[in-house]
Amino acid sequence: MKLVLVLVGRTRDQRWQALQEDYLSRLEKFTPVEVIAVKESRQDSASAARRRESESLEKKVPPGSTLIALDERGDELSSRAFADLLKKLQVRGTRVVTFILGGPDGLAEDLRERADHVLSLSQMTWSHEAARVLLLEQLYRAFTIIRGYPYHK
């Protein structure tokens, strides 16, 4: 199963970038991962920015992939429940799972509704850099749970 992360904007802070790269290298020992960044919109209104960014995100979603949107209104899962979700997708023979993370204004409603699953990392607000690291860490944690590695303990 391949993971694709489609994100708005780039990480500019080297410290966050180093954490992302660390978790990507760990995660790639379990499964292939591709990270695709789309440009952050410079629209004046939040709704216009959300719409433009969501259009850019959607264009990068590989056809036929299972789509998981990260959104503050999504379901909050424990790490074990998240691992169970990924394991079920593996068992079903899912070839590509795509995670989308919108910009500061979130995702357009139609893209959110199109997703197969909508998850929230937390009810707290996180910077995009932190959210990326959290997602990567939880993906790595999920694969260690699936494989029975001691990382989760």
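## Cavity

In this predicted model, the structure holds 1 cavity of 30 Å³ or more. The space inside the largest cavity comes to about 30 Å³. Its lining consists of Leu5, Leu7, Gln20, Val35, Arg132 and Leu136. Strand 1 and helix 5 are the elements that contribute two or more residues to this lining. Sorted by class, the residues around the largest cavity are 4 nonpolar, 1 polar and 1 charged.

## Largest pocket

The largest pocket has a volume of about 490 Å³. Its lining comprises 21 residues, and those nearest the centre are Asp71, Glu72, Gly103, Trp126 and His128. By class, the lining divides into 9 nonpolar, 7 polar and 5 charged residues.

Two elements, strand 3 (66-75) and helix 5 (128-147), each provide at least two residues of the lining of the largest pocket. Strand 3 gives the most, with 4 residues.

## Second largest pocket

The second largest pocket encloses about 220 Å³ of space. It is lined by 14 residues, and Leu77, Phe82, Ser120, Leu121 and Gln138 are the closest to its centre. The class count for this lining is 8 nonpolar, 4 polar and 2 charged residues.

Strand 3, helix 3 (79-91) and helix 5 each supply at least two residues of the lining of the second largest pocket. Here helix 5 gives the most, with 3 residues. Strand 3 and helix 5 thus appear in the linings of the largest pocket and of the second largest pocket.

## Helix 1

Helix 1 covers residues 14-27, and its 14 residues should span 20 Å at 1.5 Å a residue; the end C-alpha atoms are 20 Å apart, so the helix agrees with the expected span. The buried residues of helix 1 are Gln20, Tyr23, Leu24 and Leu27. Viewed down the helix axis, these buried residues fall within an arc of 105°, and therefore they line one face of helix 1. An α-helix has 3.6 residues a turn, so residues three or four places apart point the same way.

Gln14 and Arg15 are exposed on the other side of helix 1. What do the buried residues of helix 1 pack against? Their partners are strand 1, strand 2 and helix 5. One of the buried residues, Gln20, is also part of the lining of the largest cavity.

## Helix 2

Helix 2 runs over residues 46-59 and has 14 residues. From its first C-alpha to its last, helix 2 reaches 20 Å, close to the 20 Å expected at 1.5 Å a residue.

Ala48, Ala49, Glu53, Ser54 and Leu57 are the buried residues of helix 2. They pack against three strands and a helix, namely strand 1 (2-8), strand 2 (33-38), strand 4 (96-101) and helix 4 (109-114). Strand 1 and strand 2 are packing partners for the buried residues of helix 1 as well as for those of helix 2.

## Ala83 in helix 3

Ala83 sits in helix 3. Is Ala83 buried or exposed? Ala83 has a relative accessible area of 1%, which means that this residue is buried. The cut-off for buried is under 20% relative accessible area.

Leaving aside neighbours within four places in sequence, Ala83 is in contact with Ala142, Ile145 and Ile146. His152 lies 69 residues from Ala83 along the chain, and the C-alpha atoms of Ala83 and His152 are separated by 11 Å.

Notes:
Residues numbered from 1 in each chain as written. Predicted model: local features only at pLDDT ≥ 70, side-chain atom pairs only at ≥ 80, totals over all residues. Heavy atoms only, no water. Expected span 1.5 Å × (residues − 1). Buried < 20%, exposed > 50% of the residue type's maximum accessible area, 1.4 Å probe, protein only. Contact = heavy atoms within 4.5 Å. 1 Å grid on protein atoms, 1.4 Å probe; cavity = no way out; pocket = protein on both sides within 12 Å on 5 of 7 lines; lining within 4 Å. Points joined across faces, edges and corners; volume = space filled by probe spheres on them. Nonpolar A, V, L, I, M, F, W, Y, C, P; charged D, E, K, R; others polar. Arc of directions from axis to C-beta.
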